[in-house]
Amino acid sequence: MTRRWRILAVLLSPALISAGPADDGRWYAGAYSFSDELGGFRILSVSGTGTRDDPIEISEEMDQATPPVTLVIRAAKPSPLQSAEQSSFHLRVTVVNQSGLAWIGFGFELQEIRGKPSDFDDGLSFGQTNPNPDFISSDRFARFVNRFESYDRLSFEDGYVDPLGRTNFGFFVTDVTPVPEFYLVQDPRIPSS
């Protein structure tokens, strides 16, 4: 291997790519890039390939609790789980509660168009093509509800996360009509007074 190829191999290693955001402010893992550019939270790290044994892992801090925050996801290269008709990946999200308020639930929503809930026709879902409950997990919430229609939402309930606490979520994302950019809305639920 020539010196040029060795340098290129080191520069493209997953450890270096996930060590911090790239020059474009995005974090790269698997076949995707991830961005906190819309605000309200901060990505701390991203790693993994997106397979079940090596999910894409996103660690983040959330300093807001009332308005939902939105993670921007962009296709960066062909997915290891992608066919000509479908793109999919396993995702694990770790969130540190920096909001100052306790969370009693947590919701995720997929959107192909920002601000418009995903519907059946866009092909984006939390594993609707393979609705395996073993792909969905949380360390702080005992129950989840996965709604496919008329939007794609995944709600975690029966638990809590104190301020400065940390929680983990795992799920499977599929897109049978892949697009270059989509959104994952994250919505911590606080107690009503």
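Let's start in the middle of things: strand β7 and strand β11 (residues 153-159) run antiparallel and are joined by four bridges. If you want a residue to anchor your eye on, take F108, whose bridge partner in β11 is L154. Keep in mind as you look around that this is a predicted model.

Now look at the other neighbour of F108. This residue also stands opposite Q186, which sits in β13. The strand it belongs to, β13 (residues 181-189), pairs with β7 over seven bridges, again in the antiparallel sense.

Step back and you'll see where these strands fit. The open sheet has seven strands, ordered β1-β2-β5-β13-β7-β11-β10, with antiparallel pairing. At the edges are β1 (27-29) and β10 (141-147), each of which pairs on one side only. Ignoring direction, neighbouring strands of this sheet are turned against each other by 20 degrees on average. As a general reminder, strands of a sheet pair through backbone hydrogen bonds, either parallel or antiparallel.

Over toward β1 in that order, there's another pairing to trace. Strand β2 (residues 32-35) and strand β5 (residues 69-75) run antiparallel, with four bridges between them. Here F34 is a handy marker: its bridge partner in β5 is I73.

Back to β7, then. How many residues of strand β7 (residues 105-111) are buried? Seven of the seven are, so the strand is largely enclosed by the rest of the structure. Both of its faces are covered: F106, F108 and L110 are buried on one side, and G105, G107, E109 and Q111 are buried on the other.

Q111 deserves a closer look. It lies in strand β7, and why does Q111 count as buried? Its relative accessibility is 8%, and buried means under 20%, so Q111 falls in that class. The side chain of Q111 reaches the backbone nitrogen of G115 at 2.7 Å. Leaving aside neighbours within four places in sequence, Q111 is in contact with K116, P117, S118, L124, F182, Y183 and V185.

Finally, a word on confidence. The protein's average pLDDT is 83, and 80% of the residues score at least 70. Over residues 1-18, though, the pLDDT is below 50, and this stretch has 10 contacts in the model beyond near neighbours in sequence.

Technical notes
Residues are numbered from 1 along each chain as its sequence is written. Side-chain values use heavy atoms; hydrogens and water are left out. Buried means under 20% relative accessible area, exposed over 50%, partly exposed in between (1.4 Å probe, protein chains only). Helices (H or I, at least four residues) and strands (E, at least two) are DSSP runs, numbered from the N terminus. Two strands pair if DSSP finds at least two bridges between them. pLDDT is the predictor's confidence in each residue, from 0 to 100. Contact means heavy atoms within 4.5 Å. Axes are lines fitted to C-alpha atoms, for helices over the stretch in contact, and angles run from 0 to 180 degrees between N-to-C directions. A polar contact is a pair of N or O atoms within 3.5 Å; within protein, one must be able to donate a hydrogen and the other to accept it, and residues adjacent in sequence count only if both atoms are side-chain atoms.
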